[in-house]
Each structure stands twice: as C-alpha cells, then as structure tokens.
Amino acid sequence: METIDASKYYIMARHGEVDRESDLIIGSGNESGNIPLNREGRNQAIRLAYEFQKRFGEPSLIITSPLRRALETAEIVASSFSITIPIVPISALQAQNFGVLEGYRVSEAREIDTLKPFLYMNNPAEDRYTLKPPSGESL
C-alpha cells in the first residue's frame with residue numbers, strides 16, 4: 001500500500017473508548033472531561049497509530065482537545081513514532097456545550113420534563129445531530 005504524505009492533509013480521529021457511568025454530570029468542563037481511556041480505548045489508540053503509520057507515515061503535528069481521553073489518545077499515537085511528534089491541545093476542540101443541561105446528572109435531567117427532550121438517549125438516532133439544547137450546541 002502506498003503511503004500518503006500526511007504533511008499535506010488534516011486527518012481527523014476520535015478518541016478511544018471510555019467507561020461511561022450511567023450517572024455522569026453532563027457537560028464538557030467537569031467530570032465528563034476527565035474520563036480516562038479504558039483498556040479497549042488504549043488498544044484502539046494503538047491500532048489507530050498502526051493504521052496511521054501504514055497509510056500516512058509520520059505526522060508533523062497532532063492537534064487535540066484538552067480533555068483527558070483525547071490527550072491520552074494523542075499521546076499513545078505520538079509515542080508510537082520514532083520521532084517526537086508535538087501535541088497541541090486546543091480548547092475549541094472540547095466536547096459539545098450542552099447549554100441548560102450542563103451541570104445536571106443524567107438521572108436528574110431524566111426527571112425534569114423541560115430537559116428530558118434534549119437528552120440524546122431519548123431521541124431517534126437521526127435526530128441526534130440536529131438536537132440543540134437551549135443555550136447549547138448541536139452535534
């Protein structure tokens with residue numbers, strides 16, 4: 001397989017898998033931002049690094065969200081190369097702003113009729129990308 005010059009492209013990847021507790025606090029800047037990768041997530045990051053090397057060679061830079069799961073994924077990928085790959089956290093890449101849902105536990109939001117419609121698990125998959133909580137962002 002021919003490799004592509006990665007210095008000429010932006011390549012996007014999602015962080016590895018994390019354990020989700022059923023009652024996390026909703027939001028980007030609190031508990032949900034500090035979830036580490038689980039074993040499978042670390043293995044996914046290793047596979048991502050392998051696939052990246054095979055297809056694109058060495059990246060010149062890794063830009064990531066500052067959230068723990070994203071930084072950890074970036075660090076695993078960067079450490080798999082023989083050269084030092086700079087990792088640059090950018091806050092604009094943080095998780096979605098959940099607006100009025102921020103700070104509530106999932107269990108609390110499920111009990112408040114005005115918030116319930118904005119919980120993704122209560123909506124069909126096709127609506128999840130357009131759903132926007134008041135004062136928040138869509139996916």
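**Exercise 1. Which residues are linked in a network of salt bridges?**

Before starting, note that the model is predicted, so that local features need pLDDT of at least 70 and side-chain atom pairs count only at pLDDT 80 or more, while totals for chains, interfaces and linings use all residues. Residues are numbered from 1 along each chain as its sequence is written, and side-chain values use heavy atoms, with hydrogens and water left out.

*Solution.* Begin with the rule: a salt bridge is a side-chain nitrogen of Lys or Arg within 4 Å of a carboxyl oxygen of Asp or Glu. By this rule the count comes to three salt bridges.

Step 1. Lysine 54 forms a salt bridge with glutamate 51, and their closest N and O atoms are 3.3 Å apart. Both residues lie in helix H1 (residues 39-56), three residues apart, which is about one turn of the helix; helices (H or I, at least four residues) and strands (E, at least two) are DSSP runs, numbered from the N terminus.

Step 2. Glutamate 51 also forms a salt bridge with arginine 55, where the closest N and O atoms are 3.1 Å apart. Because glutamate 51 and arginine 55 are four residues apart in helix H1, about one helical turn separates them.

Step 3. Joining these pairs gives the result: Glu51, Lys54 and Arg55 are linked in a network of salt bridges.

**Exercise 2. Find the salt bridge of glutamate 40, and decide whether its two residues are buried, partly exposed or exposed.**

*Solution.* Step 1. The partner of glutamate 40 is arginine 47, with the closest N and O atoms 2.8 Å apart.

Step 2. Apply the cut-offs, by which buried means under 20% relative accessible area, exposed means over 50%, and partly exposed lies in between (1.4 Å probe, protein chains only). Glutamate 40 has a relative accessibility of 31% and therefore counts as partly exposed. Arginine 47, with a relative accessible area of 45%, is likewise partly exposed.

Step 3. Extend the reading to the network of the previous exercise. Glutamate 51 is partly exposed at 26% relative accessibility, lysine 54 is partly exposed at 33%, and arginine 55 is partly exposed at 40%.

**Exercise 3. How many aromatic pairs does a search of the whole structure find, and which residues form one aromatic cluster?**

*Solution.* Step 1. Rings of Phe, Tyr and Trp (its six-membered ring) pair if their centres lie within 6.5 Å; planes under 30 degrees apart count as stacked, over 60 as edge-to-face and the rest as tilted. The search finds two aromatic pairs.

Step 2. Phenylalanine 52 and phenylalanine 56 form a tilted pair, 5.1 Å from centre to centre and with 50° between the planes. These two residues are four residues apart in helix H1, so about one helical turn separates them.

Step 3. Phenylalanine 52 and phenylalanine 81 form an edge-to-face pair, 6.1 Å centre to centre and with 90° between the planes. This pair links distant parts of the chain, since phenylalanine 52 lies in helix H1 and phenylalanine 81 in the loop between helix H2 (68-79) and E2, 29 residues apart. Both phenylalanine 52 and phenylalanine 81 are buried.

Step 4. Taken together, Phe52, Phe56 and Phe81 form one aromatic cluster.

**Exercise 4. Which residues make up the largest nonpolar core?**

*Solution.* Step 1. A nonpolar core is a set of buried Ala, Val, Leu, Ile, Met, Phe, Trp, Tyr and Cys residues joined through side-chain atoms within 4.5 Å.

Step 2. The largest such core has nine residues, namely Ile26, Phe98, Leu101, Val106, Ala109, Leu115, Phe118, Leu119 and Leu131. Apart from it lies another core, of eight residues, among them Ala49, Phe52, Ala74 and Ile85.

Step 3. For background, in soluble globular proteins, nonpolar side chains tend to be buried together. Of the 139 residues of this protein, 33% count as buried.

**Exercise 5. Place these features within the order of the elements of the protein.**

*Solution.* Step 1. The secondary structure comes to three helices and two strands.

Step 2. Reading from the N terminus on, the elements run α-β-α-β-α.

Step 3. Valine 88, for example, is found in strand E2 (residues 87-89), and at 33% relative accessibility valine 88 counts as partly exposed.
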